[in-house]
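Subject: Structure handover

Hello,

Here is the structure for your files. My notes on it come after the model.

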Amino acid sequence: MSLKQQIDADIKSAMLEKRKDDLKALRAIKSMILLAETEKGNTEGVSEDAEMKLLIKAVKQRRDSAQIYKEQNREDLYAIEMAEVEVIEKYLPKQLSEEEVKAELQKIIAQVGATGPQDMGKVMGTATKALAGKADGKTISTLVKQLLTA
């Protein structure tokens, strides 16, 4: 079952069960997928990789908004954003812990043959592809810096 079909089924069940918060997040995901499908030059549809990127982008946007709301003491809006993040994360692969990411990065560093901070670009290119959807880009970047300067 494709992500779009899964989202459609989940929207129906959320409507029947009257889960308004879930419904809002699911409709936002569906909207992003439909926009990607109707983009100029898109003839086939949305690939699984593109769907993953859309979900990651949606989570990042909501986390950024939630952070701003928290800084402005808007707990009501913060709670809404974080509820949407939880719903969207159900469709992403399980996130790796910091230790698991570090172990993967050490393998990548050895594979690429990186020796210092000057090789960060090489490592980041490989790491972001290998860990797409499993770890946040900011986390990957921070850990790569730590490992290459150590």
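The notes below cover a pocket and then one helix that lines it.

Please keep in mind that this is a predicted model.

The largest pocket has a volume of about 660 Å³. Its lining comprises 26 residues, and those closest to the centre are Ile 56, Lys 60, Ala 135, Asp 136 and Gly 137. Four elements give two or more residues each to this lining: helix 3 (48–71), helix 4 (75–89), helix 6 (120–130) and helix 7 (137–149). By character, the lining residues are 11 nonpolar, 10 charged and five polar.

Helix 3 gives the most to the lining, with 11 residues, and the rest of these notes concern that helix.

On its length: helix 3 has 24 residues, which at 1.5 Å a residue should span 34 Å. The C-alpha atoms at its ends are 35 Å apart, so the model agrees with the expected span.

On burial: Glu 51, Leu 54, Leu 55, Ala 58, Val 59, Arg 62 and Ala 66 of helix 3 are buried. In an α-helix there are 3.6 residues a turn, so residues three or four places apart point the same way. The cover over the buried residues of helix 3 includes helix 1 (3–16), helix 2 (20–37) and helix 4.

On the ends: Ser 47 caps the N-terminal end of helix 3, with a side-chain oxygen 3.1 Å from the backbone nitrogen of Ala 50. After helix 3 comes Asn 73, which has a positive phi, near 60°.

Regards

Terms used
Residues are numbered from 1 along each chain as its sequence is written. This is a predicted model: local features need pLDDT of at least 70, side-chain atom pairs count only at pLDDT 80 or more; totals for chains, interfaces and linings use all residues. Side-chain values use heavy atoms; hydrogens and water are left out. On a 1 Å grid over the protein atoms alone, a cavity is a set of points where a 1.4 Å probe fits but cannot get out, and a pocket is an open set with protein on both sides within 12 Å along at least five of seven lines; lining residues have an atom within 4 Å of a point. Grid points are joined across faces, edges and corners, and a volume is the space filled by probe spheres set on the points. Ala, Val, Leu, Ile, Met, Phe, Trp, Tyr, Cys and Pro count as nonpolar, Asp, Glu, Lys and Arg as charged, and the others, Gly among them, as polar. The expected span of a helix is 1.5 Å times one less than its number of residues. Buried means under 20% relative accessible area, exposed over 50%, partly exposed in between (1.4 Å probe, protein chains only). Contact means heavy atoms within 4.5 Å. A polar contact is a pair of N or O atoms within 3.5 Å; within protein, one must be able to donate a hydrogen and the other to accept it, and residues adjacent in sequence count only if both atoms are side-chain atoms.
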